[in-house]
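Q: I would like a close look at a single part of this protein chain. Please keep to one element and then place it in its surroundings.

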Amino acid sequence: SSGINAEYGGNVIVINVAGKRFETYRETLDQFPHTLMGNKALFGRYFNPKKNEYFLDRNQMSFPAILYYYQSGGVIYVPNSVPREIHMEELDFFKIQWRTPQTQNVPLPKLSADGTIEPRSRFQAVRWRVWEFLESPDSSIYSRVWALLDVAIILLSILTVILESMPELDSEENQRAFSVVDTICVAFFTFDFLIRLFICPSFCDFLRTPLNILDFLAIMPFYLELAVGQLIQGSALTTFKVLRIFRIMRVMKLIRHSKRLILMGRVIQDCLSELTLLLIIWLMGVLTFGTVMYYIESERNNGFDSILHACWWAVVSISTVGYGDMYPSTALGKVVGACLLFISMVYLALPMTVIVSKFNKAFEKFKDDEVSTDQQKEKDILRGTGKHLNNNGAHSPDHGIRA
């Protein structure tokens, strides 16, 4: 038939959309004969025999979503970069039937055991909406208010931890007030954590997520002290209160509300091998220069009393901090110190290129993921059931887009 590309075995067609070419299988389009591209007679009007391709002077940004309609078996979504009105005009042009925009907020269907979409019950729909409310601050104004309230409670909790350690506020009345505020904060954190745990799509994935682990560590000391503290007396109670140091983990909860901090965590994860190599080289330098400096300066009574003390000097020097509590006094020791300072500058500079490169790659991936997330939120399930999904719960096209 017209438009068939023989190079791919006779079943691949080329579609030129305002200068950008896409390739797909003929049988992919044939699934929907009531549409423009699924009707060979209608679509044949746009065939260019000289270039052996179909030419459509339409919106390039909308066409991947149009093609995805055929590849997914009837799923319609609005691209993030295209206004809804414009995309609906494109759907009309391609004779793709769509329902009213009231179905915009319909959540994605559930994946059944055989990999098909199941209809959602009312409870599942509410559960999904609550999950989106808690996990996506940009989903609504109420979600944003909840996120701001969470940040305010975190800051209040951290401020309470700091203030109760001040000697001038160490009175019974103040400590009682701090205890009440801390209890309220922990109650809020506990409520937020339990709600997330109850409505999460997967308990295993939820418990393995680092941010959720940090949330648990932030509230665990309070309940552990509450449960066991009454059973401990005297100095043992003082020892047990060391666990309260974990309350500072609450500051880590702020990571959830900062995409940039999440990006930094991703960069550190991607750079683990380079950072491990950096640590090994650092240990080698500390031990080498610490040992050499000990044998040079050990008789001068200037703080190099052991290799361990000399290693502390090497740590301070390599980091270019230079406390000044220890320094070489012999000429040879000063030469070794100068060599260490030069090597430390090279040591700090070399891995920066790798880390910066990794950061740029992670930042680009972060932006792509951000766009993909926005597109996923805007998908409209408008018609059809039984469409196959991939393992991540996203709709999987039958064939790839070649552009």
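In strand 3, which residue is the bridge partner of valine 14?

A: The bridge partner of valine 14 is glutamate 23, in strand 3. The model is a predicted one, and the description below starts from strand 2, then turns to the rest of the chain.

Strand 2 covers residues 12-17, and six of its six residues are buried, so the strand is largely enclosed by the rest of the structure. Its side chains go two ways: Val12, Val14 and Asn16 point to one side, Ile13, Ile15 and Val17 to the other, and all are buried. Buried here stands for a relative accessible area under 20%.

Strand 2 has strand 3 as one partner. Strand 3 is made of residues 20-25 and pairs with strand 2 in the antiparallel sense, over six bridges. The pair valine 14 and glutamate 23 is found between these two strands. Together the strands form a hairpin, with two residues between them. In that turn, alanine 18 has a positive phi of about 55°.

Strand 5, residues 53-56, is another partner. Strand 2 and strand 5 run parallel and are joined by three bridges. Here isoleucine 15 of strand 2 has tyrosine 54 as its bridge partner. Strand 2 is thus described by an antiparallel pairing with strand 3 and a parallel one with strand 5.

As for the surroundings, the protein chain has 14 helices and nine strands. It has 403 residues, of which 33% count as buried. Among its contacts with a separation of 6 or more, 63% are between residues 24 or more positions apart.

Two of the helices, helix 5 (residues 122-135) and helix 6 (residues 141-163), pack at an angle of about 50°, and their axes are 8 Å apart. That angle makes helix 5 oblique to helix 6. In their contact, Glu132, Phe133 and Leu134 of helix 5 meet Tyr142, Ser143 and Trp146 of helix 6. These contact residues divide into four nonpolar, one polar and one charged.

Further along the chain, helix 13 has 12 residues, 307-318, and at 1.5 Å a residue should span 16 Å; its end C-alpha atoms are 16 Å apart, which agrees. Buried residues in helix 13 include Ala310, Cys311, Trp313 and Ala314. Val316, Ser317 and Ile318 of this helix are buried too. Threonine 320 follows helix 13 and has a positive phi, near 60°.

Key: Residues numbered from 1 in each chain as written. Predicted model: local features only at pLDDT ≥ 70, side-chain atom pairs only at ≥ 80, totals over all residues. Heavy atoms only, no water. Buried < 20%, exposed > 50% of the residue type's maximum accessible area, 1.4 Å probe, protein only. Helix = DSSP H or I, 4+ residues; strand = E, 2+ residues; numbered from the N terminus. Pairing = 2+ DSSP bridges. Expected span 1.5 Å × (residues − 1). Axes fitted to C-alpha atoms, helices over the stretch in contact; angles between N-to-C directions. Parallel < 35°, antiparallel > 145°, perpendicular 65-115°, else oblique. Contact = heavy atoms within 4.5 Å. Nonpolar A, V, L, I, M, F, W, Y, C, P; charged D, E, K, R; others polar.
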